[in-house]
Amino acid sequence: MKKLLLIVCFLIVSISLKAQVTTTLDTINNVDKLIKPLNKSTFTTNILYDRVVPIANLTDFNSTANNISDLKHFEQALSELYRASKKSKFNTIEVVRQQYASLALKNKVDIGVINSLFNQVNYNDNDNSKGALQITNNVLVPINNKPIFLQNEVLIIAPLKEYAVGQTVFYNFKNALIFEETTKKIVKLTANFDSQNTHTIINNGQLVKQNVGVNYTTSGYKTLTFTVTYNDGSSKTTKGKLYVTATNNNLQHKANDGIEEGGIKATIPFTGYEPDDVPILGQLEYRIFYHGTPGNYEKVLKKPIVIIDGFDPFDTRKIQESDYPNDGEEYPDAIETLMSYENDNNETKYLIPKLRELGYDVVIVNHPVYEDIPSGKTIDGGADYIERNAMAHIALYQYLNNTAFTNGSSEKLTIMGPSMGGQISRYALAYMEEHNLNHNTKLWVSIDSPHLGANIPMATQANLYFLGYVHGNQEAKDKFDFLLNSPTGKQQLILQFLNDTSSPQSFFQRYHTNLESNLPSFKGFPQLPRNIAIANGSANNFVNTPGKKVLDIRGFADFLWFSVKGFQNEQWLIKNTGQTNKIFFGEVDKVFSGYSMSSTFTNALIYGSLDALQGGTENSQGEIKVEVEKELNELVDDGTLDRVHIYEFIPNHTFIPTVSSLAFKNSNFNWGNNINRDLVCTNEIPFDTYYTPENNEKHVSFTQKSIDWLLDELNGVQQSPRINKNLNQDSLLGDLAVCNNKTNTYTLDIPNSCSGLTVTWSTSSNIQIQSSNNNSITVTAIDGTNSASGYIKAYIQEKDVYIDKFVWVGIPGPNFLSISILGSYNFYANNWTKLKVIHPIPPLSLVDNDPTYGLTYQWSVPNSFTRNFNDTSIIDVKPFSTGQLNIGVKMQNQCGCTDYKYQLFNVTNQYSGGFGGGFGGGPVLTIDPGN
């Protein structure tokens, strides 16, 4: 195995401190080196399919069972052929996509054509005799007269969109999307688009029809049938598919459903960060759900409440479920569905109908894919620059205010910004205040929005890079490119696999500079509305464990009596500040194409483990697990692998840290610290109030409690910050012993000036209070007190709650102790017997649930072997001989040690049954110290 090491170091930085990821690529097998000595007379195409992982399964394509392509399959196939040719034929997907019709043109669909030959090495790893070669000493050796390289051909014709919308769909053919790498050329191509007519597209080798319009009356999957005739007189038929929504459901709402929609174009342009970016006016679309009840809606805008979509590349999340194609595929929850919760009876309830009943006109905003005519660019609004989307929102807020005023309403706007929607609305409102534009907003609700940044684990980012750029999965590559490295992705992610976010020129830093230039004295937060925040992260409970392995999935090929690991994929969460750990390992071990990638991460971030600390959660490792498992199972189906095994999967990681969603003014601390206090009172955050749940929740989700809190705010009943403070014994912090020679301070875990609680302190008679305030007390032991217990007690008047803490007072006396044999048997010579200290013990709940009660023990055991335990109150003793054994033990607490307390034991000969002590009468394995 030859190893090529490529060390790629990227300095990945958050707001203030640097972190480092080191990635190693390891080439295990290289097919070009293996075939170098072979006769290549049958290698005629320069396209060797063994150079890639055959995700598109081109060898079996055009068979009866496998002859339908679509956009994803076409692009995967083209990518594989491009790389199999060592990038000498075809082109990159990125270049080819420049020829596609814009996603914004929903009824225009390009057709792609691949007609190609390719070679494969004639090797059968299960049965060498079925091929032409065998491997001897890591060298390919011919074993018969069969051709060393096999030649295959493939014909793929597919629509280059996943779905189209419109009663008439226009299919386009162009030479730039016809790829032929063969002498067997297409001279004729006919196409049927799941209609009554068949069209001739190519005739005599010439493209004779470039556009075909097809009318559809029903929605559903459309199977496109293509038949080609080659220049050798042979012919072949293949198919493609896409989903067509024959009517635009968005525009056909029922007359009585109280729904209306429209679009807004900004009047203020924004120029992106790239050198070739030009000023572009942002666009958005909205849908108004007017106030009222079913059958009784008033379609007059009077009381607008705006709900904004978040990060959504390619506009995959729609406003309503009815906007999706009814094609049986999985789609993200629509925005309307996301605004739902389970009530206390586990029934799903929807927020939007409730708001309509309360008199609100609910305006849901979506950021679509659109064409900017002046620049000729297609803008993906759901992943575009936050600033450009904010400019469109400014135009929307002005439109809504003007419309409501025209309708005789004096109501101000309420704006709800989930996730990225919180960033867009924050920027828009602050910009308007900075530039003296009236937004007329009374309440701004930030819902788990990443004010200090968001987190996708570095392991997930590394995994997508591996699957996309190393392994060759085009869909994974697209996720890396268009999600992680979209303008918004780079503006929001604190850690980025390929970008240094500490650089002043990074998208992350430039965005925050732009954001805080609006109202710089307030770091870009609007000042005129009441600002409230709902976080999905708790204040003090971690989502996961730092450094934890969260994914380990492997695929195996079985050969007679042994198995070969053909695929391995592992992820770990990053460790805490100052620690280094492996975060990703991926490997593919094929006969002709083997490689691995390993990434380690050194965490120099002051914030701690961003993957594990408290916050709104996502499950990116679960999403990767699903896709990898699907691909591996397909490889099992085609015989490449024999089985798939998942060794480890732990869901969920931190996506929006609670500190980020609450926008701490000073963020330079470990974000995993307990922040369960009134952060408004302490002036640590810029919000007027906020809600945090007791346990971490899925990003942008609601519960009965959070909805009740929100509805009270919407109804004008201002809410206090929701702090999950359970006042109990754990809230009273301090030592487990009060000693004669020092003072002890005990603190109550509530803010001193912000709790609104009044505390009265008291102690047992053997403890003297030196001083106290609302959340702490300083005490000493009364002189001469020993061998005693006592208590510290806090009474919280407003809650009528007593909190007690049990403590030792002074050093326990020796008479406090005794020693007991564990088990119902005698003490035998040359046999192990377990002893335990016995003394009066307090309730465990009163000593911080410490099972040692804050005590340790020292033993004095003569003439015996001994074995110690982590629990020092227990010891194993093996006497050398019979007779009396005087065993001593002394106890130590935070004040000091007792004297030894001795106790005599009679040691006899072991009885003939051969059973010793120490384990309840069972047989004992004798292990002498030092043996």
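**Exercise 1. Locate Q505 and state whether Q505 is buried or exposed in this predicted model.**

Solution. Start with the secondary structure: Q505 is in the loop that runs between helix 10 (487–492) and helix 11 (507–517). Next take the relative accessibility, which is 57% for Q505. The cut-off for exposed is over 50%. Q505 therefore counts as exposed. Finally, look for a partner distant in sequence: the C-alpha atom of Q505 is 8.7 Å from that of Y273, although 232 residues separate the two along the chain.

**Exercise 2. Describe the surroundings of S660: which residues does S660 touch, and what lies opposite its polar side-chain atom?**

Solution. S660 belongs to helix 13 (residues 658–661). Its relative accessible area is 0%, so S660 is buried. Leaving aside residues up to four places away in sequence, the residues that S660 touches are S449, P450, H451, L452, G453 and W671. One of these, G453, also supplies a polar partner: its backbone oxygen lies 2.8 Å from a polar atom of the S660 side chain.

**Exercise 3. Determine how strand 29 (residues 530–534) is enclosed and which strands pair with strand 29.**

Solution. First check burial residue by residue. Five of the five residues of strand 29 are buried, so the rest of the structure largely encloses this strand. Then sort the residues by face: R530, I532 and I534 point to one side, N531 and A533 to the other, and all are buried, which leaves both faces covered.

Now turn to the pairing. Strands of a sheet pair through backbone hydrogen bonds, either parallel or antiparallel. Strand 28 (residues 441–447) is joined to strand 29 in the parallel sense by five bridges. Strand 37 (residues 689–691) is also parallel to strand 29, with three bridges. The residue I532 serves as a register mark: V445 stands opposite I532 in the pairing with strand 28, and T689 in strand 37 stands opposite I532 as well.

**Exercise 4. Work out the strand order of the open sheet that contains strands 49 and 52, and name its edge strands.**

Solution. The sheet has four strands in the order 47-49-52-51, paired in the antiparallel sense. The edges are strand 47 (818–821) and strand 51 (864–868), each of which pairs on one side only. From one strand to the next, the twist averages 30°. Within the sheet, strand 49 (residues 833–838) and strand 52 (residues 874–879) are antiparallel partners over four bridges. Their register can be read from T833, which stands opposite V877 in strand 52.

**Exercise 5. Classify the ring pair F556 and Y647, and compare the accessibility of the two residues.**

Solution. A pair of aromatic rings is described by the distance of the centres and the angle of the planes. Across the whole structure, a search finds 34 aromatic pairs. In the pair F556 and Y647, the ring centres are 6.5 Å apart and the planes stand at 70°; the pair is therefore edge-to-face. The two residues come from distant parts of the chain, 91 residues apart: F556 is in strand 30 (residues 549–559) and Y647 in strand 35 (residues 643–649). F556 counts as buried at 10% relative accessibility, whereas Y647, at 43%, is partly exposed.

A second edge-to-face pair is made by F806 and W808, at 5.6 Å between centres and 85° between planes. Both F806 and W808 are buried. Ring pairs also link Y171, F173, F193 and F226 into a cluster.

**Exercise 6. Which lysines sit over the rings of Y221 and F649?**

Solution. For Y221, the residue over the ring face is K241, 4.9 Å from the ring centre. For F649, the charged end of K625 sits over the ring at 5.2 Å from its centre.

**Exercise 7. Find the residues with positive phi next to helix 8 and in the hairpin of strands 5 and 6.**

Solution. Helix 8 (residues 458–470) is mostly covered, with 11 of its 13 residues buried; among them are Y465, F466 and L467. Just after this helix, G472 has a positive phi of about 95°.

In the hairpin, strand 5 (residues 133–136) and strand 6 (residues 139–142) pair in the antiparallel sense over four bridges. T136 stands opposite V139 in strand 6. Two residues lie between the strands, and N137 takes a positive phi near 50°.

Methods: Residues are numbered from 1 along each chain as its sequence is written. This is a predicted model: local features need pLDDT of at least 70, side-chain atom pairs count only at pLDDT 80 or more; totals for chains, interfaces and linings use all residues. Side-chain values use heavy atoms; hydrogens and water are left out. Two strands pair if DSSP finds at least two bridges between them. Axes are lines fitted to C-alpha atoms, for helices over the stretch in contact, and angles run from 0 to 180 degrees between N-to-C directions. Buried means under 20% relative accessible area, exposed over 50%, partly exposed in between (1.4 Å probe, protein chains only). A polar contact is a pair of N or O atoms within 3.5 Å; within protein, one must be able to donate a hydrogen and the other to accept it, and residues adjacent in sequence count only if both atoms are side-chain atoms. Contact means heavy atoms within 4.5 Å. Rings of Phe, Tyr and Trp (its six-membered ring) pair if their centres lie within 6.5 Å; planes under 30 degrees apart count as stacked, over 60 as edge-to-face and the rest as tilted. A charge sits over a ring if NZ of Lys or CZ of Arg is within 6 Å of the ring centre and within 35 degrees of the ring normal.
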